[in-house]
Protein chains: 2
Amino acid sequence: MRQSQLFTKTRREAPKDEVAKNAQLLIRAGYIHKEMAGVYAFLPLGLRVLKNIEHIIREEMNAIGGQQVSLTALQDKNLWEKTDRWDDAKIDNWFKTKLKNGSETGLGITHEEPLTNIMSEYVSSYRDLPAYVYQFQTKFRNETRAKSGIMRGREFLMKDLYSFSATEEQHAEFYQKAKAAYVRIFDKVGLGESTYVTFADGGIFSKYSEEFQTVSEAGEDLIYVDVQKGIAVNKEVLNDEVLAELGLKREDLIEKKSIETGNIFNLGTRFAEQLGLQFKNEAGELKHAIMGCYGIGLSRLMGTVVETLSDEKGIVWPINIAPFKAHIILVSSSEESKARAEEAYKVLGEQLDGVLYDDRDARAGEKFADADLIGLPYQILIGDKNQKDGNDNWLCEVKNRKTGEVQHVVLADIASAIK
Amino acid sequence: MRQSQLFTKTRREAPKDEVAKNAQLLIRAGYIHKEMAGVYAFLPLGLRVLKNIEHIIREEMNAIGGQQVSLTALQDKNLWEKTDRWDDAKIDNWFKTKLKNGSETGLGITHEEPLTNIMSEYVSSYRDLPAYVYQFQTKFRNETRAKSGIMRGREFLMKDLYSFSATEEQHAEFYQKAKAAYVRIFDKVGLGESTYVTFADGGIFSKYSEEFQTVSEAGEDLIYVDVQKGIAVNKEVLNDEVLAELGLKREDLIEKKSIETGNIFNLGTRFAEQLGLQFKNEAGELKHAIMGCYGIGLSRLMGTVVETLSDEKGIVWPINIAPFKAHIILVSSSEESKARAEEAYKVLGEQLDGVLYDDRDARAGEKFADADLIGLPYQILIGDKNQKDGNDNWLCEVKNRKTGEVQHVVLADIASAIK
């Protein structure tokens, strides 16, 4: 895309009321717009990042047998009364509203209730199980405080998968598969090294839940990491009994602030019992489905990447989720350089599924500062100072945004050099 | 996808409270789930249709220079007060709710206000215009009656594009481009022949708006069609003056019931004035941007296809939006036929980007009835009655769902025969 056509522009300052680093940088670079605290619109570059994250997650969810649906935001109060999660005294972050006829409805904070209800219409035999159903859906949560940018939204995009199993064995098998898929997702989005599977409170359903916690100074959680073993324990369950059970020693653990970027829960049969999700097993006995739930907040993931991987110049996107892999920067007004930049735009655009091309009539220094702020993985400088190789082909200056490393590469080789 | 794995199943009956034909069929075939009146979840097959429609629209919007964003559902009351569209006396279908601090917010019925506000941060010169910005977003409208299935939802997916132009000429040029893109969209989704560009009331902004009206008995609008000229007039503006202006004669017009499946509006400078979207023109004078808005409801489009193209056996999907192009139906339990069906599933799945494969242990009659209800464009029957061609290759029976026409085709030729 030509930067002269992109309607967003970079800004020197973020809005004064924005205190989160992730939102400050994303607003300054033109990725998002703050509608109100905890409510952000995604502008063209920001939406591309979100869609790249979505694509990575979808592939992994499909690979483990997930079937994609799209449930509704507006919720049927009756379903939530059956599970005792409608009352504001029980769930304190509902946004509630009313239909014209006066009946109450609320905006989905999560989707166990509606999906369990849907499944009860389709599941009647053990042959109908297991089933794994997921969606990318906007969740609405009426947070009292929303000061963490896109990491804690009042309205945010989440992937939630729910598993429905006939037996504990089926459930356990899928749970492990989902966990492995999550590990792959964190690797692919560029957070693999800083993210730990973390034992946390399992609530009323099971002893533990497992969280994916990404180490960050901006985190609201405290975890205790055994770096050697690559696992962590959330402060909320840190006690001698748990340590013994997990084979961890207190002296090996390092305290870290962290962001909960994903979680997987055993839900047991609670929702199936309350909402009537029953099936006949092989012996003809009526049983309740065993459920699990597996969540990742996409915007939180995006915010975490910005929090943890940015530098003093701006954002540094991992290549798999960058809005574009490369930023062509034309730093000359000569016709000859311009022609080479146009050629590079055409060739690399096709090879890399789009690039950003700074074709603006602006100073080189301004273009460099903007490119660093926007944070695409590779910057391709084209100007009058470019040299030719031995075969009389022009060399472009290809700079790695993260490391600063510079290579001089002929156009035909750039795509393979940076993919 | 293997039908034995698909968690949805067909049903004989739709819910008793569902009166719309589109929703009855879509529920019976397992495409959607009714959460409450006017609020429908999209199940795996239904979501695939919606995504196919989205893909067609996105291509056309990108082709005319649209930049995709994703605005928010939660709305800033202040912006809507500036345009006098917050008060329930002015806009009567708001869903409103409150933040924890007691301040009011509402769920987006449309997005002129927030987008105009965003653009005011980025537009300052005529050089920043024109700009075309679109999104696929859930709209929330608190309809008093919601009895038209997915054609009139309280929560529904819409594509809305907004154009921002510096001059009337710029605006008019894009308006015509957008209109042509809409014509292509209706052609591609399979409604081209039954959809008319229809002159309708332009509201306070301009003399006319243009609607895309699809002829259907389920329609809530009345239009007067000049079939020869391929245009129509909405009843609301049918008078002698308008007819004279459009060069139409009353005796050439045929009254039809129709569904408004798209619309394009001139918005003039109203929103730019009320929300301060100004720019300096070439002469250095401050001007307000001229806006247009261009909407298509995706779920309404999907519902309209079902209303207008179904037959007594079920749904008939146009090939571009069908959840899968082909339905492989195994009608034998012999190992030999099963092996051929598995082979077809593998080969066609790769060639056609997925197929539905009825591998269930069920009677042939049940499979045929389900396939007709589900309505994929081509049914590929594989069983013991298949014959071989002269080269000793098995022929599959390929049936066109719409016409009933049957061909006998070797596996290697099926994809090219039905694409």
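This dialogue goes through the empty space and the chain interface of a predicted model.

Student: How many cavities of 30 Å³ or more does the count give?

Tutor: Rolling a probe the size of a water molecule over the atoms shows where empty space is left. Here the count comes to one cavity of 30 Å³ or more, with a volume of about 960 Å³.

Student: Which residues are the closest to the centre of the largest cavity?

Tutor: They are Phe136(A), Thr138(A), Phe136(B), Thr138(B) and Leu157(B), out of 50 lining residues. Among the elements that give two or more residues to this lining are strands E7 (131–140) and E8 (155–165) of chain A and of chain B. H2(B) gives the most, five residues.

Student: How does the lining of the largest cavity divide into nonpolar, polar and charged residues?

Tutor: The lining has 26 nonpolar, 17 polar and seven charged residues.

Student: Now the interface. What area do chain A and chain B bury between them?

Tutor: The size of an interface is often given as the accessible area lost when the parts come together. For chain A and chain B this is about 4800 Å², with 60% of it on carbon and sulfur atoms. On the side of chain A, Phe7(A), Lys100(A) and Tyr122(A) lose the most area, together 17% of what that side buries. In terms of contact, 56 residues of chain A meet 56 residues of chain B.

Student: How many salt bridges are counted between chain A and chain B?

Tutor: There are four. One of the salt bridges joins Arg11(B) to Glu121(A), whose closest N and O atoms are 2.4 Å apart. Helix H4 (residues 112–122) of chain A supplies six residues, the largest share of the side of chain A that touches chain B.

Methods: Residues are numbered from 1 along each chain as its sequence is written. Chains are lettered from A and ligands numbered from 1 in the order in which they are written. This is a predicted model: local features need pLDDT of at least 70, side-chain atom pairs count only at pLDDT 80 or more; totals for chains, interfaces and linings use all residues. Side-chain values use heavy atoms; hydrogens and water are left out. On a 1 Å grid over the protein atoms alone, a cavity is a set of points where a 1.4 Å probe fits but cannot get out, and a pocket is an open set with protein on both sides within 12 Å along at least five of seven lines; lining residues have an atom within 4 Å of a point. Grid points are joined across faces, edges and corners, and a volume is the space filled by probe spheres set on the points. Helices (H or I, at least four residues) and strands (E, at least two) are DSSP runs, numbered from the N terminus. Ala, Val, Leu, Ile, Met, Phe, Trp, Tyr, Cys and Pro count as nonpolar, Asp, Glu, Lys and Arg as charged, and the others, Gly among them, as polar. Contact means heavy atoms within 4.5 Å. Buried area is the accessible area (1.4 Å probe) that two parts lose on being put together, summed over both. A salt bridge is a side-chain nitrogen of Lys or Arg within 4 Å of a carboxyl oxygen of Asp or Glu.
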